[in-house]
Amino acid sequence: MKLTTSLEGIRGAISACLRCHGCTYGPWPENYSFCPLYARDQCFTFSAGGLLFLSKAILNGQLDYSRSLAELAFTCTACSACDGKCVIVRSINPDMALSDIIRLLRYELVKRDFIPEGKIKEMYEDVKKNGDLLGKEEGETLKIPDKIRNDKADTLLIAEGVHSDAKAKTYDAAFRLLAEMKKPVAIFSDPGCCGSTLYDFGFWDQLPALVEAKWKKIKGFGNKKLLFLDPHCQEFMTNKYPKIVGKFDGFKGQHFSELLLASFKKGKLKSKKMKKVKVSYHDPCFLGRGLGIYDPPRQVLGYLNGVELVEMKRNREHSFCCGARGLGNYFEDFAKGTAQERINEFLETKADMLITACPYCKGIFQEVLGKESERVKDLIEFVGERVG
């Protein structure tokens, strides 16, 4: 595994933090807070830089690993907002951004059995037992039309981690759109996780074997373009597989929003005339900051008849995280509180619908909105309703 697997191995990068607070807020003049931890309680300890200083204290023997530290480290959403703002730490070790160092801290905590109770502990037990996060078998939920499934197609759809009905609905909408586009695809729907969740939550010991096995299966389909719906999966395979797989010869990856945009431009998809609606688009952290995909989803919305896009004040690289991946409880109900802050920002726009392009964002936004959950839709579902 090429990734650094000890805090001691990156002591120089950890020690480079200047406590400048640049990892906590956006550019002048707005200076919007974009670190969910820091936004919750504006103390430097509750930030990426703060977690680096705690890591440095451990390396210097001034602090011990503890359950309290684990709760704080796992409460961070790993949204990568800090990564693009700090050039000093990454200049020491280009392979370890701030969010990666926090994941490495989690790995050190997991090795010492400091794992927060609840969902993270349950995931860890699943990984120890199965070597992966299995959840539901994909075949139980995905109904793949025969007319789009073709193992000889030049595109391979990565359909992994379909552990919820909400996510399955997005895939069903994607299948209908692929049929509308007359776009055949081969489909990789292996039970379990691509490895991104294991990486995010510090279950690193199981990563090499899992990733090597997944990559071997994917390569078995031949030289194809990979098509993704889940930005977490795409970001991990694009940016982390090369650091884990022994003989990685790369691939061309495409997000479904990019395919939709190309199809609208070529006339393969056409919008129906429908009632006017105002929408606001939430940039998922891993699609935006992770993959740099900001324009395609917005351009797709622009092709839909009657749709007006109204931006939230924090958008694109300064987008505020949905909070879904903050699973620690250092702050009570932290994930929902973070999502509520984003929902409040959406409500300020007076838009009718909140559109996103990530199953985690969609899920927690719908949970927070409760009875008004139908105001949140995945981009793919929304497009599927308005074309034909």
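These legends accompany close-up views of a predicted model.

**View 1. The largest cavity and the residues around its centre.** The structure holds five cavities of 30 Å³ or more, and this view is centred on the largest cavity, which encloses about 110 Å³ of space. Its lining consists of 16 residues, and those lying nearest the centre are Cys35, Pro36, Cys76, Cys79 and Cys82. Helices α2 (36-40) and α6 (98-111) each contribute at least two residues to the lining of the largest cavity. By class, that lining holds 12 nonpolar and four polar residues, with no charged residue among them.

**View 2. The second largest cavity.** The space in the second largest cavity amounts to about 90 Å³. Two or more of the residues that line the second largest cavity come from α14 (285-288), and two or more likewise from α17 (359-369). The lining is made up of 13 residues, of which His232, Cys285, Phe286, Cys321 and Cys322 lie nearest the centre of this cavity. Within the lining of the second largest cavity, 10 residues are nonpolar, two are polar and one is charged.

**View 3. Helix α7, with its buried and exposed residues.** Helix α7 comprises the 12 residues 119-130, and the distance from its first C-alpha to its last is 16 Å, close to the 16 Å expected at 1.5 Å a residue. Buried residues of this helix are Ile120, Lys121, Met123, Tyr124 and Val127. Because these buried residues cover an arc of only 160° around the axis, they lie on the same side of α7. In an α-helix there are 3.6 residues a turn, so residues three or four places apart point the same way. The other side of α7 carries Lys119, Glu122 and Lys129, which are exposed. The packing partners of the buried residues of α7 are α4 (67-75), α6 and α9 (196-200). After the helix comes Gly131, which has a positive phi, near 75°.

**View 4. The largest pocket and the helices that line it.** About 1,000 Å³ of space lies in the largest pocket, whose lining comprises 40 residues, with Lys119, Ala324, Arg325, Leu327 and Tyr360 nearest the centre. Lys119, one of the residues nearest the centre of this pocket, is also one of the exposed residues of α7 shown in View 3. At least two lining residues come from each of α7, α8 (165-181), α9, α11 (231-239), α16 (334-348) and α17. Helix α17 gives the most to the lining of the largest pocket, supplying seven residues. Sorted by class, the lining of the largest pocket has 15 nonpolar, 13 polar and 12 charged residues.

**View 5. The second largest pocket.** The second largest pocket holds about 300 Å³ of space. It is lined by 21 residues, and those closest to its centre are Ser80, Asp83, Arg90, Arg289 and Gly290. Helices α6, α11 and α14 each provide at least two residues of the lining of the second largest pocket, and the largest share, three residues, comes from α6. Charged residues number 11 in the lining of the second largest pocket, alongside five nonpolar and five polar residues.

**View 6. Helix α16 and the elements that cover its buried residues.** The end C-alpha atoms of α16 are 21 Å apart, which agrees with the 21 Å that its 15 residues should span at 1.5 Å a residue. The buried residues of this helix are Phe334, Ala335, Thr338, Ala339, Arg342, Ile343, Glu345 and Phe346, and the elements covering them include α2, α4, β5 (277-281), β7 (353-356) and α17. Just after α16, Lys350 adopts a positive phi of about 65°.

**View 7. Gln254 and its contacts.** Gln254 lies in strand β4, which runs over residues 253-255. The relative accessibility of Gln254 is 15%, so this residue counts as buried, the cut-off being under 20%. When its neighbours within four places in sequence are left aside, Gln254 is in contact with Lys225, Leu226, Leu227, Phe228, Gln234 and Leu259.

Notes: Residues are numbered from 1 along each chain as its sequence is written. This is a predicted model: local features need pLDDT of at least 70, side-chain atom pairs count only at pLDDT 80 or more; totals for chains, interfaces and linings use all residues. Side-chain values use heavy atoms; hydrogens and water are left out. On a 1 Å grid over the protein atoms alone, a cavity is a set of points where a 1.4 Å probe fits but cannot get out, and a pocket is an open set with protein on both sides within 12 Å along at least five of seven lines; lining residues have an atom within 4 Å of a point. Grid points are joined across faces, edges and corners, and a volume is the space filled by probe spheres set on the points. Helices (H or I, at least four residues) and strands (E, at least two) are DSSP runs, numbered from the N terminus. Ala, Val, Leu, Ile, Met, Phe, Trp, Tyr, Cys and Pro count as nonpolar, Asp, Glu, Lys and Arg as charged, and the others, Gly among them, as polar. The expected span of a helix is 1.5 Å times one less than its number of residues. Buried means under 20% relative accessible area, exposed over 50%, partly exposed in between (1.4 Å probe, protein chains only). The arc is that of the directions from the helix axis to the C-beta atoms. Contact means heavy atoms within 4.5 Å.
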